[in-house]
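I opened a new notebook page to look up which side chains pair with which. Here is the structure I had on screen.

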Amino acid sequence: MKVHILDDYHDTLRHLPSFGMLADHDVTVWTDRAPDEETLARRVEDAEALVLFRDRTAITESLIEKLPDLRLVSMRGTYPHVDVPALTKRGIAFCTNLHSDSFSIGAAELTFALMLAAMRNLPEQIASVRAGHWQAGFGRSLRGRTLGLYGYGRIARAVAGFARSFGMEVVWWASEDGRARASADGETVAKSRETFFSEPDIVSAHLRLTPETRGIVTRADLARMRPDALFINTARAGLVENGALIAALDAGRPGRAAVDVFRGEPVTDPKDPQIAHPNIIPTPHIGFVTEDELDMQFSDIYQQVDAFCKGAPINLINPGALG
């Protein structure tokens, strides 16, 4: 098949062991983001299969209509950016491994790295010493502090394990089902949504982005956080009500945020408030971007391409597309 891989910004994939799984295919790797949909359509007009790099490119009905040879879209993870009905209407298979048996340890690790960076004021300390000024104030220890985790999934539970190893207390909030599972596992669930946001030193969001969770963290939620509290989001920007985080930081509750996910990625304007706000520590959506994670994830994606070519598709989301 003619396979086009989108948005491999650092030309990483062809250098990983898993890339050999595509040896029997005609592969094109795009290492930059197309400036618009028309340009993207011209680039991949001969594609029989599109391999997506997470949600970096939206697969819209208008794009699909411009790709006459497309037979398969293959990715890994959830897919709010993919118009599945439009693919099905055109008879194009959509395969994605929702990896119920694994999770992104890289995202959990980055969450904790951001927590440490914020609590110990590492960006300011690094900038100070490089400017010849030595120490820049003081930080706060994690031991004895309370971490609130929103979402009772595998990444959040990994973060909880890291937190406990640092001597932190962990409290949870989630959907009704998630709270029930947490309680059944002997975890501490907040008495209410209000206390969940108002009491912890740190609140970290770990939810999948779905129509139900979009904007689930509201400005009112953030306004309940303490002035010395930290909000972390390494999941999806869309979980937070549009504009709520900047407004909350401007109002002083919470006092600081550390985020790895943004609206309109990639964000390349240094003046964008999502990047430039003095009380935000930003990282450029690198939670899952490690060699180990990418090799594992794309092994799954390439398996889907091979299985489709053999007439036995796996992880097929829209069986109606194949009649």
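My entries below go through cysteines, rings and charges in turn.

**Ground rules.** This is a predicted model, where local features need pLDDT of at least 70, side-chain atom pairs count only at pLDDT 80 or more, and totals for chains, interfaces and linings use all residues. Residues are numbered from 1 along each chain as its sequence is written, and side-chain values use heavy atoms, with hydrogens and water left out.

**Cysteines.** I started with disulfides, meaning pairs of cysteine sulfur atoms within 2.5 Å. My search of the whole structure turned up zero. Why is C95 not bonded to C309? Their sulfurs are 11 Å apart, too far for a bond, although C309 holds the closest cysteine sulfur to that of C95. I also checked accessibility (buried is under 20% relative accessible area, exposed over 50%, partly exposed in between, with a 1.4 Å probe and protein chains only). C95 is buried at 0%, while C309 is partly exposed at 36%.

**Rings.** Next I looked for aromatic pairs: rings of Phe, Tyr and Trp (its six-membered ring) with centres within 6.5 Å, called stacked if the planes are under 30 degrees apart, edge-to-face if over 60 and tilted for the rest. The whole structure has 11 of them. One that I noted is F19 with Y302, edge-to-face at 6.4 Å centre to centre and 80° between the planes. Where do F19 and Y302 lie? F19 is in the loop between strand 1 (2-5) and strand 2 (26-29), and Y302 is in helix 12 (residues 291-309), so the pair ties together parts that are 283 residues apart in sequence. For those labels, helices (H or I, at least four residues) and strands (E, at least two) are DSSP runs, numbered from the N terminus. F19 and Y302 are both buried.

Y302 also pairs with F298, and I logged this pair as tilted because the ring centres are 5.8 Å apart and the planes are at 50°. F298 and Y302 sit four residues apart in helix 12, so about one helical turn separates them. F298 is buried at 2%, and Y302 at 0%. I then followed the ring pairs further and got a cluster of F19, F53, F288, F298 and Y302.

**Charges over rings.** My cut-off here was NZ of Lys or CZ of Arg within 6 Å of the ring centre and within 35 degrees of the ring normal. R56 lies over the face of Y9, 4.1 Å from the ring centre. R179 does so over W173, at 4.2 Å.

**Salt bridges.** Last came salt bridges, each a side-chain nitrogen of Lys or Arg within 4 Å of a carboxyl oxygen of Asp or Glu. I counted 17. One of them joins E124 and R256, with the closest N and O atoms 2.3 Å apart. E124 is in helix 5 (residues 122-130) and R256 in strand 10 (residues 256-259), so the bridge ties together parts 132 residues apart in sequence. Are these two buried or exposed? E124 is partly exposed at 32%, and R256 is buried at 14%.

Another bridge joins R226 to D201, at 2.7 Å between the closest N and O atoms. R226 is partly exposed at 24%, whereas D201 is buried at 8%. My final note is that R140, R145, D201, R226 and D228 are linked in a network of salt bridges.
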